[in-house]
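Hi,

Here is the structure I promised to pass on. Have a look at it first, and then read my notes below.

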Amino acid sequence: MSLLEVENLTVEFPSRRGTLRAIDGVSFAIDPGEVLGVVGESGAGKSLTGAAIIGLLEPPGRIAGGRVLLAGKRIDDLPPERMRAIRGRQIGAIFQDPLTTLNPLYSIGRQLVETIQTHLGLSDRDARARALQWLEDVGIPAARSRIDAYPHEFSGGMRQRVVIALALCAEPRLVIADEPTTALDVSIQAQIIALLKRVTREHGTAVMLVTHDMGVIAETADRVAVMYAGRIAEIGPVRDVVKTPAHPYSEGLMGSIPSLEHRVERLRQIDGAMPRLTAIPAGCAFNPRCAAVFARCRVERPELLPAGATRAACWLHAGGG
Amino acid sequence: MQALVRFFDSDFFYSFRRNPVAMVSAFVLAVCIGGAVMAPLLAPYNPFDLASLSLMDSFRPPAFVADGDASHVIGTDDQGRDLLSAIMYGTRVSIFVAALAIAFALTLGTTIGLVAGYLGGAVDAVLMRIADVQLTFPAILIALLVDGILRAVLPREFHDRMEIWVLIFAIGIARWPQFARTVRGSTLVERGREYVMAAQVIGLSPRRIMTGHILPNVLGPVLVIATLNLGLAVLDEATLSFLGVGLAPTEPSLGTLIRIGNNFLFSGEWWITIFPGVTLAAMVLSINLLGDWLRDALNPRLR
Amino acid sequence: MFAFIIARLFQAVPVLLAVAAISFAMFAYVGDPVTQMLGQDFTEAQRQTLVKTLGLDQPFWVQYSRFVWAALHGEFGLSFRLAKPVGSLILERMPATLELASVAALLALSVGVPMGVYTGLRRNGLLSRVFMVLSLVGVSLPTFLIGILLILVFAVLLGWLPSFGRGTLVQVGGWSTGLLTLSGLKALILPAVTLGMFQMTLIMRLVRAEMLEVLRSDYIKFARARGLSQRAIHFGHALRNTLVPVITVVGLQLGGLLAFSIVTETVFQWPGMGLLLIQSIAVADIPVMSTYLLLISVMFVTINLIVDLLYYAVDPRLRIGRGGGGRH
């Protein structure tokens with residue numbers, strides 16, 4: 001059984017000029033221990049999907065349809081207090097900017113102990129020992145002497161290590177990492193990704209890795225979901241999506257990964273920009289930018305269709321691919 | 001015309017129309033300002049016309065009270081002045097003083113802020129240090145002391161004649177640092193922009209650059225501060241006049257009227273204080289409500 | 001910690017010296033003290049003698065340092081109006097003002113902070129909206145008008161509370177206090193409410209605004225994502241972060257209380273420093289004005305120092321000298 005199942009998830013924002021549909025019928029599943037990459041341009045709805053799953057959508061955003069199931073049990077309609085108990089304990093979260101995600105007024109040790117005690121009910125002594133263990137696990141040097149230090153006394157990369165420890169310290173089965181390396185120096189990004197890979201594998205934690213960086217996905221994820229304008233354009237094993245993308249949009253994205261093996265004259269780019277939520281075109285949302293567009297694309301919206309090893313929302317695969 | 005259409009279609013105007021509080025405040029403010037500006041045309045009596053005053057008319061209660069008099073809707077004061085007329089003229093004085101004081105503070109503060117921000121270095125350090133020190137003291141205290149010093153320096157007769165200008169100076173001088181700080185901040189940002197460097201490269205004088213190029217770009221926040229400070233300046237004037245260091249009873253502002261009425265609170269003539277007080281409160285409240293709404297409307301994050 | 005205090009004290013000294021210079025300039029050059037002290041008839045020789053005894057023939061810096069030296073010993077010259085030493089005049093009235101201001105401050109804090117927290121957490125609740133409207137009224141009503149209205153209701157109409165004076169006083173050491181008698185306490189209620197009202201609404205609005213700002217921050221979102229309890233998030237994380245900026249402004253506001261006590265004291269004929277100042281300004285009694293300015297500055301500097309210390313206690317980012325130091 002899948003650990004997390006998202007079925008037909010729809011998120012809407014009521015606004016003055018009508019209701020905006022930011023996520024439109026997204027479905028996917030994550031197995032225990034699996035790493036699912038979610039990739040797409042900013043505004044495609046990747047981060048919102050993560051926020052909807054852990055029940056932290058910012059009002060006035062709300063789940064307007066669909067279901068979210070954790071280990072077979074529905075969690076999107078739980079009362080706030082029940083959902084709170086799931087956050088941190090069952091589903092952890094890692095945010096983008098480590099400089100702002102830690103409370104500057106409390107020592108990192110205190111923030112860890114607080115999280116551990118909230119979910120695991122350990123004594124002060126045991127919780128502190130566990131916190132120390134985690135700091136060592138995520139590679140904070142001299143953890144024993146640094147446990148009572150405050151966030152501002154750490155560098156950005158070190159702080160993101162602390163954030164990872166905080167997200168995982170109550171042993172959740174799934175962690176949603178929302179652009180975990182975007183705010184970091186390029187030189188540190190690889191270390192943080194490697195760390196995330198290692199600790200989640202050691203603890204058997206599944207990961208939903210949200211990023212716009214196809215390179216990170218390619219080297220980390222088992223499967224990948226490509227999102228475009230609030231929908232999934234293509235989903236499948238990472239190797240297949242990278243090597244033989246079925247959706248023209250994925251193809252465009254893959255063309256933007258620099259590679260050392262295949263020398264390409266120029267990195268390809270996709271012309272145009274993703275439509276705003278207020279102006280999503282009829283038919284396939286990607287049709288104005290698509291090189292392979294034909295009549296049906298402008299009228300009828302494609303659902304996810306089997307396309308070789310992956311599934312793609314594209315009429316090119318209408319024949320059964 | 002097109003700009004008007006765009007304005008009425010804007011989110012800004014939409015949020016105004018959706019917000020009854022903002023609309024009511026704008027209305028109240030318009031009534032206050034309109035009544036004050038057009039007092040000579042609208043007021044039933046001229047309270048400055050000494051010939052028309054008669055002590056026989058003094059202490060008439062409002063028309064709606066048992067022994068009230070229909071010719072004076074909200075009664076008369078101790079001099080026999082029609083209170084409604086006195087309030088309209090008084091509001092006129094209050095708005096005049098507050099507006100000029102803010103204009104003075106704005107001019108002084110903006111100039112100092114521009115110079116400090118553009119020149120930087122020691123000039124900047126000294127000017128901003130002065131602003132900081134002054135900011136630690138409440139504006140009303142500064143205005144009070146400035147007024148007191150001028151009272152001591154100027155010859156008595158001259159001071160009495162210039163009273164209203166002394167008051168404007170005192171309130172204005174107490175409120176410049178906020179403008180200076182804001183303008184300096186924006187100037188520092190603008191100074192690094194390409195268009196300023198371009199102006200420097202083609203050899204424009206610092207003065208030209210400051211007034212012609214930087215000033216128009218830093219004016220936005222200045223106007224917001226000016227609006228918010230206008231309400232405060234109205235309160236400053238009223239407070240100073242109430243304390244007896246502002247305007248004399250011969251040229252009554254709202255504060256002066258309240259001060260006069262305060263003397264008769266215990267003998268039962270409550271209206272002499274209450275009506276000017278309500279006018280003052282309504283005016284400042286609507287400025288503050290509009291300011292509140294404006295800040296929220298301009299800062300969509302809070303919505 | 002100790003070094004921090006010393007550093008702050010050293011920063012305060014130039015400010016105090018600058019204020020002293022203004023204060024001295026007022027004292028020495030405004031309003032001609034010589035003519036004031038001699039009265040109507042005097043000879044040129046008398047004038048010269050007085051100029052010499054007052055040291056007015058000395059250069060500026062000599063006079064100035066004498067002034068500072070005398071001020072440090074509590075000597076501020078004679079009041080023109082009352083012909084008494086200004087130092088003792090003001091000192092006599094200081095307890096009245098300090099009692100009024102501290103009770104008002106206590107009131108403003110103990111009501112303003114909880115109301116701000118409440119309206120910040122329940123931003124769309126009915127009670128919050130009522131509080132917000134009330135607070136705007138409080139900010140818009142000038143202090144003196146609040147005082148007049150309170151007198152009208154509680155003294156004139158209901159006759160419950162006195163409208164002027166301090167009631168029966170008790171001498172404790174050199175301090176005359178109204179806090180120990182019933183009539184003294186009753187007399188304190190209206191002035192303290194009047195004085196505290198503005199600061200209270202301001203504190204409430206400030207706490208609310210900061211609370212909303214903090215609740216939107218990433219670390220609060222992250223605290224939610226960690227599954228901490230509502231209570232821990234609101235009162236452990238949000239409130240403490242809210243207090244950091246609030247402390248500064250509240251500190252300044254408490255300084256403002258001293259200034260606004262001038263107005264309250266006038267309305268309630270409260271025999272404090274503020275009333276003395278107003279009476280002195282009306283007749284241009286410069287020595288009292290300059291001394292008041294100097295004393296108020298000392299109080300402000302003291303308050304600022306306390307604020308800095310509180311800041312230091314609340315915000316670990318200020319405790320430098322440990323770990324990396326640099327932020328990024």
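What follows is what turned up, starting with chain C and ending with the core. Keep in mind that this is a predicted model.

**Chain C on its own**

Chain C has 12 helices and 2 strands. Reading from the N terminus, you go through seven helices, then the two strands, then five more helices. Along the principal axes, its C-alpha atoms fill a box of roughly 85 × 60 × 35 Å. Of the 328 residues in chain C, 42% are buried. If you take the contacts in chain C with a separation of 6 or more, 71% of them join residues 24 or more positions apart.

**Its two domains**

The chain splits into domain 1 (2-72) and domain 2 (87-318), and the C-alpha centres of these two domains of chain C are 33 Å apart. They do touch: 13 residues of domain 1 of chain C are in contact with 13 residues of domain 2 of chain C. On the domain 1 side, α1(C) gives the largest share, with 10 residues. By class, that same side of domain 1 comes to 10 nonpolar, 2 polar and 1 charged residues.

**Where chain C meets chain B**

This contact involves 33 residues from chain C and 32 residues from chain B. On the chain C side, several helices supply at least two residues each: α1 (2-29), α6 (126-140), α7 (143-157), α10 (230-268), α11 (273-282) and α12 (286-314). The largest share there, 8 residues, belongs to α10(C). What sort of residues does chain C put on the side that touches chain B? By class, there are 28 nonpolar and 5 polar residues, and no charged ones.

So α1(C) turns up twice, giving residues to the side that faces domain 2 of chain C and to the side that touches chain B.

**The core**

The largest nonpolar core has 253 residues, and the ones with the most contacts inside it are Ala165(A), Leu209(A), Val226(A) and Ile232(A). Even so, the largest share of this core, 19 residues, comes from helix α5 (residues 83-119) of chain B. Chain C takes part as well: domain 1 (2-72) and domain 2 (87-318) of chain C both give residues to this core, so it lies between them.

If you want a place to start looking, try Ala165(A). Leaving out residues up to four places away in sequence, Ala165(A) touches Leu112(A), Trp134(A), Leu135(A), Asp137(A) and Val138(A).

Cheers

Methods: Residues are numbered from 1 along each chain as its sequence is written. Chains are lettered from A and ligands numbered from 1 in the order in which they are written. This is a predicted model: local features need pLDDT of at least 70, side-chain atom pairs count only at pLDDT 80 or more; totals for chains, interfaces and linings use all residues. A nonpolar core is a set of buried Ala, Val, Leu, Ile, Met, Phe, Trp, Tyr and Cys residues joined through C-beta atoms within 7 Å. A residue is buried if 20 or more other C-beta atoms lie within 10 Å of its own, exposed if 12 or fewer, and partly exposed in between; C-beta atoms are placed from the backbone. Helices (H or I, at least four residues) and strands (E, at least two) are DSSP runs, numbered from the N terminus. Domain bounds come from an automatic or database domain assignment. Two residues are in contact if their C-beta atoms, placed from the backbone, lie within 7 Å. Ala, Val, Leu, Ile, Met, Phe, Trp, Tyr, Cys and Pro count as nonpolar, Asp, Glu, Lys and Arg as charged, and the others, Gly among them, as polar.
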